[in-house]
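Dear colleague,

I am handing over the structure we spoke about, and below it you will find my notes on its charged side chains. Please read them with the model open beside you.

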Amino acid sequence: MTIRASYRSLRGISAVVALLAIGAVGCSDVSDAVDSAKDGAKKVARQRSVFSLDVGDCYNPNGKAEGEAYAIEIVPCEEAHEGQVVGEFKIDEGKEYPGDDEVSAIADERCSVEAQKYAPDTWALPEGVGLSYYTPTKESWATGDRAVSCTYTAEKGTFEGSLDTAKSLKPEQTTYLEGSNAVYEALWANQPEEDVEEDLAGYKAQAKAVAAALDAHVEGLGGIEGTEVGKLRATLTKAAGNWKKAANAADVDAFYTAYDPAFTDIDPNESVAARKELGLVTTVPADEAEVWAG
């Protein structure tokens, strides 16, 4: 998913109130003007400091979704909104500001983990919603700001309803999602930047991490009943074996020989039948489908 960073700042916000002069106009014009004034007053009343965001808050950013922000509009989740806070944590990096790049790297790593605690099934997210975050700036860091707010934000338009699904999941659904999420987290979090030929050691380390996550996932699936879950468990057991071969490959050719079937066996499409059996969403997200489509 695309990660978009929205930064805090110490710049204040001034609320500008427009005074409506109602003269000799028609009733409909007056009504529209009054409705507009009410909407404006409601928006002003809902303004909150970005520093006060809590997990679960649904909001609309003021202005652009990206860039520095001091205030946002908190709205009921039942109303259309652009984002929801789904996780938070504090950065513990000493007294000095670590720099924009380091802060973003920390948020990239931690927010996906925090978000999965709140909304474990990424397949169930509204279309076009991606992970983003509010982080400290150098200026706000100097005042003691260390908090990162992880949010799901609509890339275009809005969505309705809360993304808080963790509490409604059945134990077997939670077990499946935790295992599955860990596998893909191990895959992408350890993805080397260079090609295999330039960084075989990096790819072997990635393979080792994925194999370990698959072993844990397979073990978890062993406690879940169901024909399709059993089939998926067999497929992932085979995949784990190939990832282990890739992790122990003596050269690039041996790595590719193991990697190709290993990658194919963790194609999200392989899990659709098991997800259906577990009562989970079965539509593969477009960005994931594109990766395995080649």
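Lys231 is partly exposed, with a relative accessible area of 47%, and its salt-bridge partner is Glu228, at 3.6 Å from N to O. Please keep in mind that this is a predicted model. Glu228, at 26% relative accessibility, likewise counts as partly exposed, and the two residues sit 3 positions apart, about one turn, in helix 6 (residues 227–247).

Helix 6 also takes part in a second pairing, in which Lys238 meets Asp265 in a salt bridge of 3.8 Å, N to O. This pair links distant parts of the chain, 27 residues apart, since Asp265 belongs to the loop between helix 7 (252–264) and helix 8 (272–278) whereas Lys238 is in helix 6. Asp265 is buried, because its relative accessible area is 9% and the cut-off for that class is under 20%.

Elsewhere, Arg110, Glu114 and Lys117 are joined into one network by salt bridges that share partners. Within this network, the closest N and O atoms of Lys117 and Glu114 are 3.3 Å apart, and both residues lie in helix 2 (residues 100–118), 3 residues from each other. Their surroundings contrast, as Lys117 is exposed at 55% relative accessible area, while Glu114 is buried at 12%.

For the wider picture, the whole structure holds 6 salt bridges, and the protein chain has 9 helices and 8 strands, with 41% of its 294 residues counted as buried.

With best regards

How values were computed
Residues are numbered from 1 along each chain as its sequence is written. This is a predicted model: local features need pLDDT of at least 70, side-chain atom pairs count only at pLDDT 80 or more; totals for chains, interfaces and linings use all residues. Side-chain values use heavy atoms; hydrogens and water are left out. Helices (H or I, at least four residues) and strands (E, at least two) are DSSP runs, numbered from the N terminus. Buried means under 20% relative accessible area, exposed over 50%, partly exposed in between (1.4 Å probe, protein chains only). A salt bridge is a side-chain nitrogen of Lys or Arg within 4 Å of a carboxyl oxygen of Asp or Glu.
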